[in-house]
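Let's go through this one by asking where the labels come from. Have a look first, then follow the questions.

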Amino acid sequence: MPQAPDTPAPLKKALTTPLLYFFILGDVLGAGVYVLVGQVAADSGGAVWVPLVVALCLALLTAASYAELVTAYPRAGGASHYATLAYGPFAGFLAGFCMLAAGIVSVAALARGFAGDYLTEFVTLPVVLVVIVFLAALALLNARGIRESTRANVIATVIEVSGLLLVIGLGFWIVLRGDGDLGRLTQLGTDSHGPAAAVLSGAVLAYYSFVGFETSVNVAEETRNPRRSYPRALFGALITAGAVYALVGAAAAAAVPTDRLVSSSGPLLEVVREAGGVPTELFGAVALVAVANGALLTGIMSSRLAYGMARDGLLPGFLTRVLPGRRTPWAAIAATTALSLLLALTGDVATLASTLVLLLLVVFFLVNTAALVLRHRDTTARPDHFRAPTVVPILGAASCVALATQIEREVWLRGLIVLAVGAVCGTVAATRLRRRA
């Protein structure tokens, strides 16, 4: 049957389970891990691996709610679509707005990061030029097709993981030759935090290292047999990332004194320097790949989210336009890239970057509660979808509240401003939809 002219064209199903696994793993194993270990050590002490494992467990709670919702409603739009189904267009817009704001700012920040110190290890170019070329190249790859983008991600993910495995190997080599200290792995707490407070405070930072799995819901519509593929890829990728993170944290803490990790802006480079024999430039190249890969995957998420929200009537309809041959959402890609470019060129992204975790906790709270609401109310969900035990989304929602209480007052103030803007726009969108009904 021919498609109605005003009906948005469906997206092409091109993702297999392995491609989706690498998509999620590549997004989770982003650039943050290369600088995060020192920050976590500052809050938790030498036992960096403990808050990383705690953060993994908390992330798995929310991931289970995502798996349930994705397999029941495999559509682009993700958290926005689920919140709309559970609570109406206002909550749907707010969830989508928070995700979209986080994604656009993240891409802008990564573009600035790509143009920074890691690149200057090899060549010095104007930041503006690098940012423009970098974002344009990502947009073209995104528009070319989800299969091409995710295949590039597979290569980048292998490079990222290889770099982290190198750090793990070097860390344990340092210990074996007698220059490390395994005792630091049990040093939990700092002068300002007792053991329990150190774990919770460190887990807030470590939780950010697992952010990325939620972006995969926006490519569920482009996944073959998502009810079977998505849970396997999601949980497999998160557990893989958690194991890598815990080993990286343990290797770094055992190989390098804690105060040295804390004071370094490149803590994993300290492990390379301590081991010797490996050029530090190698890590510059790996970091550039990690940054580019993270920006590519976040850009894919942002464009698919904008497409899904527009299809639900929460954003302007022109964002549903797709390329006839490629069937990729070119209008949404162009719009989100333009906003990221604007933020990257102004350089005023630092004040918003620290609100990303808070915005995502709002989204995760809505997703966990939406899973509970929809399983009891909606009868249109597919009967063979993944279903988490009832206690899991409850604990997921509670974990979001617990982590939010650990976020600084200044970040809350900035986050509330963003949420207020989203609330105003959401009210307008909900009113417009009610008038159409």
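Q: How much area does the chain expose, and what makes up that area?
A: The chain exposes about 17400 Å², and carbon and sulfur atoms supply 67% of it. Accessible areas come from the Shrake-Rupley method with a 1.4 Å probe, and for residues only the protein chains shown count as cover. Keep in mind that this is a predicted model, where local features need pLDDT of at least 70, side-chain atom pairs count only at pLDDT 80 or more, and totals for chains, interfaces and linings use all residues. Residues are numbered from 1 along each chain as its sequence is written, and side-chain values use heavy atoms, with hydrogens and water left out.

Q: Why is Thr 298 called buried?
A: Buried means under 20% relative accessible area (exposed is over 50%, partly exposed in between, with a 1.4 Å probe and protein chains only). Thr 298 has 8% relative accessibility, so it counts as buried.

Q: Why does Gly 26 count as buried?
A: Its relative accessible area is 0%, so Gly 26 is buried. Across the chain, 56% of the 437 residues get that label.

Q: Which helix holds Gly 26, and which holds Thr 298?
A: Gly 26 lies in helix H1, residues 17–28, while Thr 298 has its place in helix H13. Helices here are DSSP runs of H or I with at least four residues, strands are runs of E with at least two, and both are numbered from the N terminus. By that rule the chain comes to 18 helices and 0 strands.

Q: Which residues does Thr 298 touch?
A: Leaving out residues up to four places away in sequence, Thr 298 touches Asp 27, Gly 103, Ser 106 and Val 107. Contact means heavy atoms within 4.5 Å.

Q: What makes a space a cavity, and how many of 30 Å³ or more are there?
A: On a 1 Å grid over the protein atoms alone, a cavity is a set of points where a 1.4 Å probe fits but cannot get out, and lining residues have an atom within 4 Å of a point. Grid points are joined across faces, edges and corners, and a volume is the space filled by probe spheres set on the points. The structure holds 3 cavities of 30 Å³ or more, and the largest has a volume of about 140 Å³.

Q: Which helix gives the most to the lining of the largest cavity?
A: That's H13, with 7 residues.

Notes: On a 1 Å grid over the protein atoms alone, a cavity is a set of points where a 1.4 Å probe fits but cannot get out, and a pocket is an open set with protein on both sides within 12 Å along at least five of seven lines; lining residues have an atom within 4 Å of a point.
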